[in-house]
Amino acid sequence: MIHIRCETLLDYTAIAEVNTLAFGQENEAQLVEKIRYSDRYISELSLVAEIENVVVGHILFSYIDLVGKETLQVLGLAPMAVNPQFQRQGVGSALVQTGLEKAHTKGEAIVIVLGHPQFYTRFGFQPSVVYEIESPFPVPEDVFMVKPLQSYQKKYKGKVVYPAAFDGV
Ligand SMILES: CC(C)(COP(=O)(O)OP(=O)(O)OC[C@H]1O[C@@H](n2cnc3c(N)ncnc32)[C@H](O)[C@@H]1OP(=O)(O)O)[C@@H](O)C(=O)NCCC(=O)NCCS
């Protein structure tokens with residue numbers, strides 16, 4: 001029913017549409033484009049969800065900085081969008097699950113997200129403060145979350161810094 005695969009060039013318009021519909025504004029669609037053309041983009045971690053060959057959802061993981069004793073590149077999950085007509089049918093969950101599996105296979109250590117706690121905690125995300133990771137935004141602790149993967153080590157702590165592509169979102 002729900003098919004998850006990597007984005008291709010042919011999906012760019014549909015991805016922009018899904019983001020604009022889900023967020024009700026164009027900022028996130030523009031964010032996807034800015035990241036895509038930056039050095040933080042990871043093509044295999046920009047995933048689309050299809051139902052009957054129509055793109056109904058999208059998730060993007062890209063590199064952001066974790067600045068502690070050293071600066072480490074970690075995965076930031078943003079944005080994620082499901083066409084409102086297809087929400088609450090498991091599409092978002094399938095995108096997160098497949099993305100986390102691919103990130104794990106790639107040997108990534110940690111994923112960071114700003115989002116709905118009741119949604120992300122079901123995938124093992126926890127408030128970032130649990131891992132001594134600080135949000136760059138003045139938001140409640142429970143909405144800034146991290147999910148450590150198998151290659152997580154204690155050195156992954158410090159303050160998160162988002163690249164310029166995220167300015168203005
Ligand atoms: C958040 C989003 C990606 C989830 O996708 P989805 O396909 O609806 O997700 P699933 O069907 O797998 O899971 C549904 C769960 O998502 C959560 N959820 C969905 N929309 C939500 C909202 N507006 N506020 C809070 N939680 C929400 C709920 O926990 C819901 O569980 P429930 O149906 O048992 O209450 C989708 O609703 C969306 O695109 N929202 C608008 C854009 C957005 O906010 N994106 C940022 C995500 S941090």
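# Exercises on a predicted model: hairpins, helix packing and a ligand shell

In this predicted model, strands S2 and S3 form a hairpin with two residues between them. Glu52, in the turn of that hairpin, has a positive phi of about 50 degrees.

**Exercise 1. Determine how strand S2 is paired on each side, and trace the partners of Val48.**

Solution.
- Step 1. Strand S2 covers residues 46–51 and runs antiparallel to S3, to which six bridges join it.
- Step 2. Strand S1, residues 2–6, also pairs with S2 in the antiparallel sense, over five bridges.
- Step 3. Arg5 stands opposite Val48 in S2. The bridge partner of Val48 in S3 is His58.
- Step 4. A further pair in the S2–S3 ladder is Ala49 opposite Gly57.

**Exercise 2. Which strands pair with S3 besides S2, and over how many bridges?**

Solution.
- Step 1. S3 and S4 pair in the antiparallel sense over 10 bridges. These two strands form a hairpin with three residues between them, and Leu66 has Leu72 in S4 as its bridge partner.
- Step 2. Strand S9, residues 158–161, pairs with S3 over three bridges, again in the antiparallel sense. Here the bridge partner of Asp65 is Val161 in S9.

**Exercise 3. Establish why strand S3 is described as largely enclosed by the rest of the structure.**

Solution.
- Step 1. The criterion for a buried residue is 20 or more other C-beta atoms within 10 Å of its own.
- Step 2. Strand S3 spans residues 54–67, and 10 of its 14 residues are buried; the strand is therefore largely enclosed by the rest of the structure.

**Exercise 4. Identify the buried residues of helix H2, decide how they are arranged about the axis, and state what they pack against.**

Solution.
- Step 1. In helix H2, residues 27–36, the buried residues are Glu28, Ala29, Leu31, Val32 and Ile35.
- Step 2. Viewed down the axis of H2, these buried residues fall within an arc of 155 degrees, so they line one face of the helix.
- Step 3. The general geometry is relevant here: an α-helix has 3.6 residues a turn, so residues three or four places apart point the same way.
- Step 4. The buried residues of H2 pack against H1, S3 and S4.

**Exercise 5. Characterise the contact between helices H1 and H2 by geometry, membership and residue class.**

Solution.
- Step 1. The axes of H1 and H2 come within 7 Å and cross at roughly 145 degrees.
- Step 2. From H1, the residues Ile15, Ala16, Asn19, Thr20 and Phe23 meet Asn27, Glu28, Ala29 and Val32 of H2.
- Step 3. By class, this contact of H1 with H2 comprises five nonpolar, three polar and one charged residues.

**Exercise 6. Is Tyr162 buried or partly exposed, and which residues does Tyr162 touch beyond its sequence neighbours?**

Solution.
- Step 1. Tyr162 lies in the segment after S9.
- Step 2. There are 18 other C-beta atoms within 10 Å of Tyr162, so this residue is partly exposed.
- Step 3. Leaving aside residues up to four places away in sequence, Tyr162 touches Ile64, Gly76 and Pro136.
- Step 4. Tyr162 and Ser135 are 27 residues apart in sequence, and their C-alpha atoms are 9.9 Å apart in space.

**Exercise 7. How many residues surround the ligand, and which elements each supply at least two of them?**

Solution.
- Step 1. The ligand is surrounded by 16 residues, the closest being Ala22, Gln87, Gly92, Ser93 and Gly115.
- Step 2. At least two shell residues come from each of helix H1 (12–23), strand S4 (71–82), helix H3 (91–105) and helix H4 (117–120).
- Step 3. The shell divides into seven nonpolar, eight polar and one charged residues.

Notes:
Residues numbered from 1 in each chain as written. Predicted model: local features only at pLDDT ≥ 70, side-chain atom pairs only at ≥ 80, totals over all residues. Near = placed C-beta within 6 Å. Helix = DSSP H or I, 4+ residues; strand = E, 2+ residues; numbered from the N terminus. Nonpolar A, V, L, I, M, F, W, Y, C, P; charged D, E, K, R; others polar. Buried ≥ 20, exposed ≤ 12 C-beta atoms within 10 Å, placed from the backbone. Pairing = 2+ DSSP bridges. Arc of directions from axis to C-beta. Contact = placed C-beta atoms within 7 Å. Axes fitted to C-alpha atoms, helices over the stretch in contact; angles between N-to-C directions.
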